[in-house]
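Thanks for coming. I have one structure to go through this morning, and I will start with its core. Please have the sequence and the model on screen.

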Amino acid sequence: MADDLFKALADPTRRTILDELTDTSGQTLFEICARLSMKHQLGISRQAVSQHLAVLEAAGLVETRREGRYKFHDLNTAPLRQIAERWLASARSGPEESSP
């Protein structure tokens, strides 16, 4: 799971999508595309945004829900917390002994 998470975060366009979902969660594909175009001047197709969203969803960073004919995308920060807690827990136990 960590590999999918880091792969998802490696792309600047996906990080921009996550920033937009942080500002306003529960956006449709149309809304995300419009914000990327107007706010960030990204000339990216709906299909490309959809593919980026699929990568983010596979990593667990985006969850989707359907209401009628609309599909809403919500930010899920749980995978980020799990990664942070993984390393913070080992830091709390003390520094490891290392030899030069």
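The largest nonpolar core has 16 residues, and the ones with the most contacts inside it are Ile17, Ile32, Val49, Leu53, Leu56 and Leu61. By nonpolar core I mean a set of buried Ala, Val, Leu, Ile, Met, Phe, Trp, Tyr and Cys residues joined through side-chain atoms within 4.5 Å. Buried is under 20% relative accessible area, exposed is over 50%, and partly exposed is in between, with a 1.4 Å probe and protein chains only. At least two residues of this core come from each of α1, α2, α3 and α4. The most come from α3, which gives four.

Some conventions before I go on. This is a predicted model, in which local features need pLDDT of at least 70 and side-chain atom pairs count only at pLDDT 80 or more, while totals for chains, interfaces and linings use all residues. Residues are numbered from 1 along each chain as its sequence is written, and side-chain values use heavy atoms, with hydrogens and water left out. Helices (H or I, at least four residues) and strands (E, at least two) are DSSP runs, numbered from the N terminus.

Back to the core, and to Leu61. Contact here means heavy atoms within 4.5 Å. Apart from neighbours within four places in sequence, Leu61 is in contact with Leu5, Ala8, Leu9, Leu18, Leu56, Asp74, Leu75, Asn76, Pro79 and Leu80.

Next, helix α2, residues 12-23. The expected span of a helix is 1.5 Å times one less than its number of residues. For the 12 residues of α2 that gives 16 Å, and the end C-alpha atoms are 17 Å apart, which agrees. At the N-terminal end, Asp11 acts as a cap, with a side-chain oxygen 2.8 Å from the backbone nitrogen of Thr13. The buried residues of α2 are Thr13, Arg14, Thr16, Ile17, Leu18, Glu20 and Leu21. What covers them? Among the elements doing so are α1 (2-10), α3 (29-40), α4 (46-58), β1 (62-67) and β2 (70-75).

Now the charged side chains. A salt bridge is a side-chain nitrogen of Lys or Arg within 4 Å of a carboxyl oxygen of Asp or Glu, and a search of the whole structure finds six. One of them joins Glu20 and Lys39, at 3.3 Å from N to O. Glu20 lies in helix α2 and Lys39 in helix α3, so this pair ties together parts that are 19 residues apart in sequence. How accessible are the two partners? Glu20 counts as buried, at 1% relative accessibility, whereas Lys39 is partly exposed, with a relative accessible area of 45%.

Asp23 forms a salt bridge with Arg35, and the closest N and O atoms are 3.9 Å apart. Here too a residue of α2, Asp23, is tied to one of α3, Arg35, with their places 12 residues apart in sequence. Asp23 is partly exposed at 49%, and Arg35 is partly exposed at 26%. Lys39 also meets Asp23 in a salt bridge, at 3.1 Å from N to O. That pair again links α3 to α2, the two residues being 16 residues apart. Taken together, Glu20, Asp23, Arg35 and Lys39 are linked in a network of salt bridges.

Which residue between α3 and α4 deserves a second look? Gln41 lies in that loop, and has a positive phi of about 55° although it is not a glycine. Gln41 is exposed, with a relative accessible area of 61%.

Last, the strands. Two strands pair if DSSP finds at least two bridges between them; β1 and β2 pair in the antiparallel sense over six bridges. Their hairpin has two residues between the strands, and Gly68 takes a positive phi near 65° there. As for bridge partners in β2, Arg65 has Phe72 and Glu63 has Asp74.

Asp74, in strand β2, counts as buried at 16% relative accessibility. Its side chain joins that of Ser25 in a polar contact of 3.2 Å. A polar contact is a pair of N or O atoms within 3.5 Å; within protein, one must be able to donate a hydrogen and the other to accept it, and residues adjacent in sequence count only if both atoms are side-chain atoms. Beyond four places in sequence, Asp74 is in contact with Ser25, Gly26, Leu61, Val62, Glu63 and Arg65.
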